[in-house]
Amino acid sequence: KDIKTVMAAETQGMKLTITEMKKAPGMFMEEVAGNMNGQKMVFQKQAFNGTKGYQEQQGQKQDMDANDLEETKAQADIYIDLHPEKYGIKRTVKGVEAVNGSDAYVVEAVNAKGKKTTEYYDKASGLLVKKVLTQETPQGAVSQTSEYSNYKEVPGGNGYKIPYTVKESAGPQGITAEVQTVEVNKGIPDSEFN
């Protein structure tokens with residue numbers, strides 16, 4: 001019914017805490033915070049209560065537009081992989097490629113808006129090990145790569161696994177986040193998503 005993940009990461013010598021919460025049927029909150037002179041500072045936050053949402057960057061708050069709301073709705077859905085058609089997502093197997101020395105099925109996922117993501121699923125385990133999102137910008141195509149590893153069962157999750165190591169990279173910029181805690185079905189209050 002709900003899941004809260006807290007990850008630790010470091011960028012340019014600064015320690016970050018990334019908190020992500022999801023609650024069925026479709027609430028989502030993600031916050032990236034750091035520590036400045038002993039004070040918690042929120043660098044980035046997005047919250048979605050199932051109907052409306054906002055994005056915040058360094059104190060500047062902005063309501064999500066229709067496009068953002070649609071994308072966040074899909075991101076907020078804990079069960080998205082069980083019903084991709086609800087979001088117009090079509091997947092096509094493109095072949096097999098090696099990812100970090102192991103064979104992986106290459107799957108192209110295209111959403112209703114034509115946004116393309118290439119997903120790589122490990123042949124042996126079936127788990128998602130890499131995802132490449134390519135977006136067209138005025139400067140040309142920009143790719144964002146996420147690599148997932150160190151899958152472990154979530155405490156109290158009935159065998160549900162998540163990657164405890166997530167490496168994100170866009171161009172030369174890269175960040176690795178390690179899961180510190182995961183809580184499932186602890187009854188996250190709705191107020192967290194407003």
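## A walk through the strands and cores

Let us start at K23, which touches K1, D2, I78, I188, P189, D190 and F193 once residues up to four places away in sequence are set aside. The model you are looking at is a predicted one, and K23 is a friendly place to enter it. You will find K23 in strand 2, which covers residues 14-23. Two of the residues around K23 deserve a second look. The side chains of K23 and D190 are joined by a polar contact of 2.6 Å. A polar atom of the K23 side chain also lies 2.8 Å from the backbone oxygen of I188.

From here, stay with strand 2 and turn to the nonpolar interior. In soluble globular proteins, nonpolar side chains tend to be buried together. In this model, the largest nonpolar core has 14 residues, and the members that touch the most others are I18, I162, V179 and V182. At least two residues of this core come from each of strand 1 (2-11), strand 2, strand 12 and strand 13 (173-184). Strand 13 gives the most, with four residues.

I18 is a good one to look at in detail. Leaving out residues up to four places away in sequence, I18 touches T5, V6, M7, A9, E30, E31, V32 and A177. There is also a second core, separate from the one just described, with seven residues, among them M27, M29, Y54 and I188. You have met I188 already: its backbone oxygen is the one lying 2.8 Å from a polar atom of the K23 side chain.

Next, find E168 in strand 12, which runs over residues 161-170. Is E168 buried, partly exposed or exposed? E168 counts as partly exposed because its relative accessibility is 27%, and buried would mean under 20%. Apart from neighbours within four places in sequence, E168 is in contact with Q144, T145, S146, Q173, G174 and I175. Two of these contacts involve polar pairs: the E168 side chain makes a polar contact of 2.8 Å with the side chain of S146, and another of 3.3 Å with the side chain of Q144. For a sense of distance, the C-alpha atoms of E168 and T72 are separated by 19 Å, and the two residues are 96 apart along the chain.

Our last stop is on the surface. Here V93, V96 and Y105 make a nonpolar patch of about 270 Å². Of these, V96 lies in strand 7, residues 90-99. With a relative accessible area of 43%, V96 is partly exposed.

Technical notes. Residues are numbered from 1 along each chain as its sequence is written. This is a predicted model: local features need pLDDT of at least 70, side-chain atom pairs count only at pLDDT 80 or more; totals for chains, interfaces and linings use all residues. Side-chain values use heavy atoms; hydrogens and water are left out. Buried means under 20% relative accessible area, exposed over 50%, partly exposed in between (1.4 Å probe, protein chains only). Contact means heavy atoms within 4.5 Å. A polar contact is a pair of N or O atoms within 3.5 Å; within protein, one must be able to donate a hydrogen and the other to accept it, and residues adjacent in sequence count only if both atoms are side-chain atoms. Patches are made of residues with over 30% relative accessible area and no salt bridge: like charges are joined within 9 Å, nonpolar side chains (Val, Leu, Ile, Met, Phe, Trp, Tyr) within 5 Å. Accessible areas come from the Shrake-Rupley method with a 1.4 Å probe; for residues, only the protein chains shown count as cover. A salt bridge is a side-chain nitrogen of Lys or Arg within 4 Å of a carboxyl oxygen of Asp or Glu. A nonpolar core is a set of buried Ala, Val, Leu, Ile, Met, Phe, Trp, Tyr and Cys residues joined through side-chain atoms within 4.5 Å.
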